[in-house]
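Please open the structure in your viewer and keep the selection tool at hand. The tour goes from one selection to the next and says what is found at each stop.

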Amino acid sequence: MVLQVVRVIFILLEVLVLFNLLIVVHEVGHFLAARWRGLYIEKFGIWFGKPIWKKTINGVQYSLGTLPFGGFVALPQLAPMDIIEGKADMDRAQLPKISALDKIIVAFAGPLFSFLLAIVFAVIIWAVGRPVSESEATTTIGYVVPDSPAAQAGLRAGDRILAVDGKPVTRFGGMGEDSITWRIVRSEGETIPIVIERTSDGHAEIKRVEARPIVPETKPWTRKAFRQIEILPAETPMIAKVEPGSPAANAGLQPGDLITEINGEHLYHVLGLADYIRARPDAPLRLTIERHGKNLSVPFEPGHPTIDVVVENSPAARAGLRKGDIVLAVDGRDAKSALAVSDYIKQHGGQPLKMSILHGKEQREVSVTPEVPQDEKVPRIGIQWAEDFGIVLDEYGRMTVKHPPPFEQIRAGMLSIVNTLGAVASPKSDVKLQHMSGPVMMLRVYYVMFENKEGWRMALWFSVVLNVNLALLNLLPIPVLDGGHILLAVVEAVRRRPVNMRVLEVVQTACAVLIIGFMVYIAFFDVQDLFGTRRDRPKFLPKAAPAKTTQQ
């Protein structure tokens with residue numbers, strides 16, 4: 001327990017160090033440019049809030065705040081930033097005027113330093129390599145959700161996707177034009193044309209299908225969902241942990257094992273394991289695993305499905321079912337697959353089912369009648385399964401190390417923000433302003449990355465993208481941002497006189513309020529993602545009479 005707490009603290013420190021580095025380097029760019037051009041520098045602070053240390057050196061007040069979220073440099077001779085940096089201690093009218101060129105240089109220096117930091121990180125990644133997960137780099141389908149748009153279009157696990165919506169693809173994840181996920185999200189037609197390569201009996205065939213995407217409904221206060229056809233990338237299941245006494249432990253599976261086949265059939269995704277058992281509940285099973293570079297074949301007995309959640313007021317709750325109950329049989333049929341039991345329940349709405357239940361050493365018979373929950377069409381009894389066979393998978397799976405050239409990394413970072421802004425601007429796109437991320441999400445991504453043993457390499461690669469985004473976003477011609485300062489300086493150069501200070505204050509304050517409001521708006525969604533959204537559960541009308549159970 002103590003070691004876990006220490007590890008969490010250490011990861012948080014790593015996150016704060018790297019996140020603050022990105023912001024402080026940006027502000028150092030402004031600071032050094034201001035010194036070079038002879039501007040009056042009022043303050044330079046690392047972190048915000050009440051200072052725990054401050055000292056004036058050569059007319060500049062240096063400080064260290066209490067809120068570890070970046071830094072700032074106060075330059076009163078630029079456009080007024082009182083709403084963000086606080087009211088200047090000195091009357092701006094008493095300060096000497098500076099040229100438009102000086103303003104442009106100082107404003108541009110921040111994004112320039114962010115860009116230079118991105119190049120430094122990119123060179124490091126080029127040298128040490130970037131870990132890439134199998135699921136990100138593949139174009140092979142690992143799992144097709146039953147009755148999904150992909151299933152209706154005829155797509156199968158093992159199909160290799162060549163093009164989506166008329167664009168060739170080379171990877172599953174990411175936001176580039178060559179990403180399967182991004183091409184589906186950015187599609188705008190009623191159907192999405194998909195070109196695949198399907199290999200059967202050693203013969204490859206090129207096929208073209210049309211998938212009709214869906215956009216799942218979400219709550220009004222949550223982020224809207226994107227278009228999807230409900231496919232998952234191929235990913236060889238890598239075991240991180242095996243629960244004692246579980247089917248996986250009984251089969252002799254170990255952490256680090258890769259599950260490659262089931263009964264001689266290639267396993268493209270861990271969900272394919274449950275599907276195979278549903279389709280062949282009585283077939284003896286053998287898993288092929290890769291351990292330390294060698295292939296082993298082991299017998300596997302999945303056992304009986306276990307109930308993980310019982311929904312309140314549901315038929316299951318009224319029948320006395322509990323978390324941890326093991327379903328041995330339904331209507332006399334041996335229960336080997338949770339999916340098969342769920343299928344049976346859906347097919348017997350309104351009909352009493354007799355379930356044989358084991359809890360500890362106690363075995364009992366339960367009668368439960370499936371009902372259609374409110375606002376749904378499919379009968380349920382109100383349970384969720386613990387269907388993992390005692391296997392805890394490695395979050396990132398099998399990874400390879402790539403050494404992308406710095407130019408390629410910088411280009412990827414630039415395309416990510418360009419593609420995002422282009423998608424937000426398109427009236428037909430599902431990507432909206434609410435889908436952008438702020439500091440909360442960035443910190444969360446860093447934390448998740450640092451939890452992995454390859455955390456630093458993954459975080460440095462992410463920092464390349466983040467620094468490029470920071471540079472380009474700050475160059476947008478919006479007052480308060482660096483690009484806004486540059487625009488105002490250009491207007492000043494064209495007019496040959498500064499913009500009226502009162503007008504500047506109004507414009508800067510209004511834009512600052514809008515940007516702060518936007519950040520709060522984004523943080524509202526980021527916080528929900530941070531803590532996760534509770535999985536929707538079916539709602540049943542409460543009934544007074546519980547079902548009878550018999551003890552054995």
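Leaving aside its neighbours within four places in sequence, which residues is Asp526 in contact with? Select Asp526 together with Arg223, Met436, Ser437, Gly438, Val440 and Met441, which are its contacts beyond that window, where contact means heavy atoms within 4.5 Å. This is a predicted model, in which local features need pLDDT of at least 70 and side-chain atom pairs count only at pLDDT 80 or more, while totals for chains, interfaces and linings use all residues. Residues are numbered from 1 along each chain as its sequence is written, and side-chain values use heavy atoms, with hydrogens and water left out.

**Around Asp526**

Asp526 belongs to helix 15, and at 1% relative accessibility it counts as buried (under 20% relative accessible area, with a 1.4 Å probe and protein chains only). A polar atom of the Asp526 side chain lies 2.8 Å from the backbone nitrogen of Gly438.

**Helix 12 against helix 15**

Next, select residues 439-451 (helix 12) and 501-531 (helix 15), which pack at an angle of about 35° with their axes 7 Å apart; axes are lines fitted to C-alpha atoms, for helices over the stretch in contact, and angles run from 0 to 180 degrees between N-to-C directions. Helix 12 contributes Pro439, Val440, Met441 and Arg444 to the contact, and helix 15 contributes Met519, Asp526, Val527, Asp529 and Leu530. Of these residues, 6 are nonpolar, none is polar and 3 are charged.

**Helix 10**

Move to residues 338-346, helix 10, and colour Ala338, Val341, Ser342, Tyr344 and Ile345, which are buried. Seen down the helix axis, the buried residues of helix 10 fall within an arc of 160°, so they line one face; the arc is that of the directions from the axis to the C-beta atoms. Their cover includes strand 18 (326-330), strand 19 (333-334), strand 20 (353-359) and strand 22 (383-385). At the N-terminal end of helix 10, Ser337 acts as a cap, with a side-chain oxygen 3.3 Å from the backbone nitrogen of Leu339.

**An open sheet**

Finally, display the open sheet of 4 strands, whose order is 14-13-15-16 and whose pairing is antiparallel; two strands pair if DSSP finds at least two bridges between them. Strand 14 (265-266) and strand 16 (294-300) are the edge strands, each pairing on one side only. Strand 13 (residues 258-262) is joined to strand 15 (residues 285-291) by 4 bridges, and Leu258 stands opposite Glu290 in strand 15. Add helix 8 (residues 271-279), which lies across strand 13, strand 14 and strand 15 and runs at about 160° to strand 15.

How values were computed
Helices (H or I, at least four residues) and strands (E, at least two) are DSSP runs, numbered from the N terminus. Ala, Val, Leu, Ile, Met, Phe, Trp, Tyr, Cys and Pro count as nonpolar, Asp, Glu, Lys and Arg as charged, and the others, Gly among them, as polar. Buried means under 20% relative accessible area, exposed over 50%, partly exposed in between (1.4 Å probe, protein chains only). A polar contact is a pair of N or O atoms within 3.5 Å; within protein, one must be able to donate a hydrogen and the other to accept it, and residues adjacent in sequence count only if both atoms are side-chain atoms.
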